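Let's take a walk through a protein model together. Have the sequence and the 3D view ready, and follow along at your own pace.

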Amino acid sequence: MRWRETCGIAVVIVLCAFASGAQAQTLYGLGRPATAAEIAGWNIDVGRDGSNLPKGSGSVSRGREVFAQQCASCHGDKGEGGLGDRLVGGQGTIATPKPIRTVGSYWPYAPTLFDYIRRAMPQNAPQSLSDEEVYAVSAYILNLNGLVGADATLDAKSLAAVKMPNRDRFVGDARPDVKH
Amino acid sequence: MSSTSDADDKPAGTTRRRFLRAGAAAAGGTVLGAGASVAAATDNLPPNIPEWMKAAGEPTGGQLYGAPSPFEKGVVKNISKTLKQYISASSRTPLQELDGIITPNGLFYERHHGGVPTIDPAQHRLMLHGLVERPLIFTMDDLRRFPSESRVHFLECSGNPGYSKPYGKTASDLVGLVSCAEWTGVSLKLVLQEAGLKPDAKWIVAEGADAAALTRSIPIEKCLEDAMLVYSQNGERLRPQQGYPLRLFLPGFEGNMSVKWLRRLHVTAEPVYSREETSKYTDLLPDGTAREFSFYMEAKSIITRPSGGQRLGAPGFHEITGIAWSGHGKIARVELSVDEGKSWQSAQLQEPVLTRALTRFRLPWQWDGKPAVIQSRAIDETGYVQPTLAELLAVRGENYFYHNNAIWPWRIAADGEVTNALA
């Protein structure tokens, strides 16, 4: 261990001395390279612009079926909420004393819907839906909120193009907001 | 259970002890055996020899992992019995029952979003990828081979408590989603250096290996300042409820960001805008705008004794004690008022006062037996003063939900009963 550390430090010093930007020997030599396939299998992060959304698509009508089977028992037949969060309605309430925060009224980015459903829903079997089913359920929830038409089919490009009503209502952290 | 520092010989002490026993029995089931009579209980008091001195006790090794005295069975986490579901839920630390600044691991608060996974550490991996020179995968053995460090820090859920009624009855009901521990692990900065950050690396998206695959974006400045990858808590491996075998730890930031069961760190140029940092954990203002990426837990304190649900047995000496903390650094001062906020005096701070850690404060007090309102306010090393609830509500409104760090006063009635003065 000590010999290895000493070697590692020596290598770093040598590399620094030559100002080399090439694949530097690291200080501790711990961990192993992650392959592209391993990263692709685990990286399910979808950006707000839709980056890293997978191939495939899903329709509102298919989403209605999947929702009834997989989601309605917690979120209600029409996304009105129950054991799980309310998903639908509330537009126009966010600036009132009784705000109703739903996907349609509060969520700023539509691709986040895909990201969250794929990684965490349904709660009793997360990551069990196919990408097509996730697109379809996303489309159905957006349709229930009046944000896409009943005949819509969403894919990476069209999901990212959905403009959420509350998108521009998020601001930075202005604390400390009480000063003495 | 609670301190019984009052002298036993005084009638006041006896009254208090009787109350405490009754309280313990009510809270934790029958502490005294059903058949134990009052007369039998006094058999163990002076001048008699107590029964537990007349026979050998339990053999050594009867508990290979120790548990508290059966007389402390009422000191447990505090969880609502009426939640809609318990998969995404929280349980609270019984702050009013604890001393010092370290929360026992079994009483550390919990907040889960997809239940508590059971993870075999031999099969757990941490993937570090994105804007790095060398994407890497670490085993737990790899991470434990890095230089280690231990630091004491608090962890607090950002919703502790909300802004609208009903307000909690006890200190735990109110602010029991804060705890403090000694954390051991490796500096995140060291692990990032191993992979080599690219120049446009500005955020790191952390993901848990739970059923929620909980995801939060962390600014790179925090990752390089004092973030840790933690595998041990208070000297032992993390409990499953705290992220076994590995969690991220971000001192002073809202608890949700210290992602448990950490399996992936994705270095990015911008936040991922996950569900947890857009639809949740954003602070809604009365005008309909919402603050996002509001990370720090601001300075806060609570008196834990005497506090709601307790009772002062008699006038006379009582120590007022509690905890203070700030996500921005050390507690500089804690001020106490025993006259409804008319005057304030500095409390004693128990050393060591550590950055982004609970700090225990104390004030000796003579209660005159008249109704009183007691409260504490923390001032941290930045000079920030803990505000009143009214001050926060004036700026934030009742729907802000997170980051409530209000002063919380307790009302003491003439009969000694302590209740929430704002409820």
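We begin with a helix, move on to the contact between chains, and finish with a sheet.

This is a predicted model, in which local features need pLDDT of at least 70, side-chain atom pairs count only at pLDDT 80 or more, and totals for chains, interfaces and linings use all residues. Residues are numbered from 1 along each chain as its sequence is written, while chains are lettered from A and ligands numbered from 1 in the order in which they are written.

Look for helix α5 of chain A, residues 111–120 (helices, H or I, of at least four residues and strands, E, of at least two are DSSP runs, numbered from the N terminus). Here 10 of the 10 residues are buried, so α5(A) is largely enclosed by the rest of the structure. Buried means that 20 or more other C-beta atoms, placed from the backbone, lie within 10 Å of the residue's own. Among these residues are F114(A) and Y116(A), and the buried residues pack against α6 (131–144) and α7 (156–161) of chain A.

Now turn to where the chains meet: 42 residues from chain A and 47 residues from chain B take part, contact meaning C-beta atoms, placed from the backbone, within 7 Å. On the chain A side, the largest share, 5 residues, comes from α5(A).

Strands of a sheet pair through backbone hydrogen bonds, either parallel or antiparallel. Chain B has an open sheet of 5 strands in the order β18-β17-β21-β22-β23, with antiparallel pairing; two strands pair if DSSP finds at least two bridges between them. Its edge strands, β18 (345–346) and β23 (418–420) of chain B, each pair on one side only. Inside this sheet, β17(B) and β21(B) pair over 6 bridges, with L336(B) opposite S376(B).

Notes. Buried ≥ 20, exposed ≤ 12 C-beta atoms within 10 Å, placed from the backbone. Contact = placed C-beta atoms within 7 Å.
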